[in-house]
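Reader: Could you walk me through this structure, term by term where needed?

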Amino acid sequence: MRIHIRSKRFPAVGDAGEKLVLENVAFEPQPGEFVAIFGPSGCGKTTLLNIVAGLDLDFEVSVDLNGIGRDRPSPTARNEPAIGYVFQTPRLLPWKTVEDNLRLVLPSEHDADDRIEAVLRAVDLQDARHVYPNRLSVGMSRRAALARAFVVEPDLLILDEPFVSIDSATANRLRDLLSELLSRLPTTVLFVTHDLREAIALADRILFLSTHPAHITADITIEPPRPHRTTADIDAFHKKLQTKVASVFRTGDRSE
Amino acid sequence: MLRWRPAYFPTLSVLVFLVIWQAAAEVADSTLLPGPLAVFAVMTEAALSGELLPHLAITLLRVAVSFVVAMLIGTAIGIVMGRSPAINRLFDPWLIVLLNLSALVIIILAYIWVGLTEAAVILAVAINKIPNVVVTMREGARSLDRDYLEMAESFRLGSRKTLVHVVMPQLYPFLTAAARSGLALIWKIVLVAELLGRSNGIGFQLNLYFQLFDISGILAYAFAFILVVQGIEVGVLRPLERRAHRWRR
């Protein structure tokens, strides 16, 4: 899989002129690799994900999603790679129960019940399968959103700051859940965050993005490799990186 | 003992209306203002003699067909205009012309151009109603949540699944609003069309009673249809609405 975004501009709106958001962002996630994309808020991370997911078609880019090398046939009709997207907010359809939200994204009815059953058990939501999203707690909605992304058995899993604006205990449980789901179903992951420690805890590799326009300033592989990373390892690597981050973002990125 | 509860208010309000009407009729004591009892007697008589039902049925059929046609076409055009600013700007002037064209003008032109046929009635009534449906559904289509559409796109739901499961549920409130105002508007227009160019239906009967100056007959037919429309509201529209809203907290 290869992503190369030469430039992405937002058109001029009102008094604000045209804005160059992304410039020359290129990287190649390996199959099964967990790539964290780290950068300050508003630097264009979500824009980058939307381009990869095919939601934003107005850019100069080449996104080559082929060769996410999996043996099983792609489940989508057009033989595209299946994408599981976990947005910043859960974005579950409120007029469908948890189960029906999952069923909707499955391309075929074939073995749908088994897949839904398995993934709901994995995120511990079997008892909430007939519940409407409005009645779920925040943590449960996030788990349901994770379940929806995993139920399609994605070739590419995209997560856009999925654990922001929830309490740290819930966020930690959800991070563990994500690691566990990934160990069951290895998937190429793009994970956007502005929490460096979270990126180190979960990813194989971190891409550092700068702002205005966003480009990759550093590409760091995390040691030691997943999944044998202890809290001490994470802390040590975090410390080491913080000095580096400080120098990378010295040019006033905290001015959001 | 009956408690003073809002649940009784509709029944109470109808009763009060009927009592005032009956009292006014007693005071006026004129054939020009028959009371509800007299009107009800005429209605029962017409129903028992077998005269009322065929007229009611044919009017109801015309209402139903033009309602379905207007809702389908209006919804489709409304969604397209709501989603595409270019198409909206292109056809908005047409919409304004249609919205402000008198129902009577459309009916007369339809009868002249198409002939005194059922097709002309359906066409005229649908053309009268479609612009209202378009305006309501366009508003709905504009308010569609981008977040859900992005979700549908990223999971590659395809256009059919997106329309049925993501778009239409968001449009239900607008659809029921359009249906409700549509039903009321359409049956009024159907009566005018029947009066002008049909030889059966409630509108035709009203014309007959108008020539006979039979106010009881006119009111009997009018209220018979109000009862039917109210039946549709309670028996069809409300249950549908409850179903569509059961996910709300």
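Author: Helices (H or I, at least four residues) and strands (E, at least two) are DSSP runs, numbered from the N terminus. On that basis chain A has seven helices and nine strands. This is a predicted model, in which local features need pLDDT of at least 70 and side-chain atom pairs count only at pLDDT 80 or more, while totals for chains, interfaces and linings use all residues. Residues are numbered from 1 along each chain as its sequence is written, chains are lettered from A and ligands numbered from 1 in the order in which they are written, and side-chain values use heavy atoms, with hydrogens and water left out.

Reader: And how many helices and strands are in chain B?

Author: Chain B has ten helices and zero strands. Its C-alpha trace spans about 70 × 60 × 30 Å along the principal axes.

Reader: What share of each chain is buried?

Author: Buried means under 20% relative accessible area, exposed over 50%, and partly exposed in between (1.4 Å probe, protein chains only). By that rule 53% of the 256 residues of chain A are buried. In chain B, buried residues make up 39% of 249.

Reader: What about contacts between residues far apart in sequence?

Author: Contact means heavy atoms within 4.5 Å. In chain A, among contacts with a separation of 6 or more, residues 24 or more positions apart account for 69%. For chain B, 72% of the contacts between residues at least 6 apart join residues at least 24 apart.

Reader: Which residues touch the most other members of the largest nonpolar core?

Author: A nonpolar core is a set of buried Ala, Val, Leu, Ile, Met, Phe, Trp, Tyr and Cys residues joined through side-chain atoms within 4.5 Å. The largest has 101 residues, and A:Ile37, A:Leu178, A:Leu190 and A:Ile206 touch the most other members. Apart from that core lies another of 30 residues, including B:Trp21 and B:Tyr221.

Reader: Take A:Leu190. What is A:Leu190 in contact with?

Author: Leaving aside neighbours within four places in sequence, the contacts of A:Leu190 include A:Met1, A:Ile3, A:Phe27, A:Ile37, A:Leu49, A:Val52 and A:Leu157. Two of these, A:Leu49 and A:Val52, are among the buried residues of α1(A).

Reader: How many residues of that helix, α1 of chain A, are buried?

Author: Seven of the eight residues in α1 (residues 45-52) are buried, and the helix is mostly covered. A:Lys45, A:Thr47 and A:Asn50 are among the buried ones. Just after α1(A), A:Gly54 takes a positive phi of about 80°.

Reader: Which residues other than glycine have a positive phi?

Author: Most residues other than glycine have a negative phi. A:Asp124 is one with a positive value, near 60°, and A:Glu153 is another, near 45°. A:Asp124 sits in the loop between α3 (112-122) and α4 (138-151) of chain A, and A:Glu153 in the loop between α4 and β6 (156-160).

Reader: Why does A:Asp124 count as exposed, and why is A:Glu153 partly exposed?

Author: A:Asp124 counts as exposed because its relative accessibility is 53%. A:Glu153 is partly exposed because its relative accessible area is 26%.

Reader: Now the interface. How many residues of each chain are in contact?

Author: There are 18 residues of chain B in contact with 28 residues of chain A. Buried area is the accessible area (1.4 Å probe) that two parts lose on being put together, summed over both. Here it is about 2,200 Å², with carbon and sulfur atoms giving 60%. In chain B, B:Phe155, B:Arg156 and B:Trp247 lose the most area to chain A, together 35% of what that side buries.

Reader: How many salt bridges cross the interface?

Author: The rule finds two, a salt bridge being a side-chain nitrogen of Lys or Arg within 4 Å of a carboxyl oxygen of Asp or Glu. One joins the side chains of B:Glu150 and A:Arg91 (2.9 Å, N to O).

Reader: Which elements of chain B give two or more residues to that side?

Author: They are α7 (146-154) and α8 (158-197) of chain B. Of the elements, α7(B) gives the most, with six residues.
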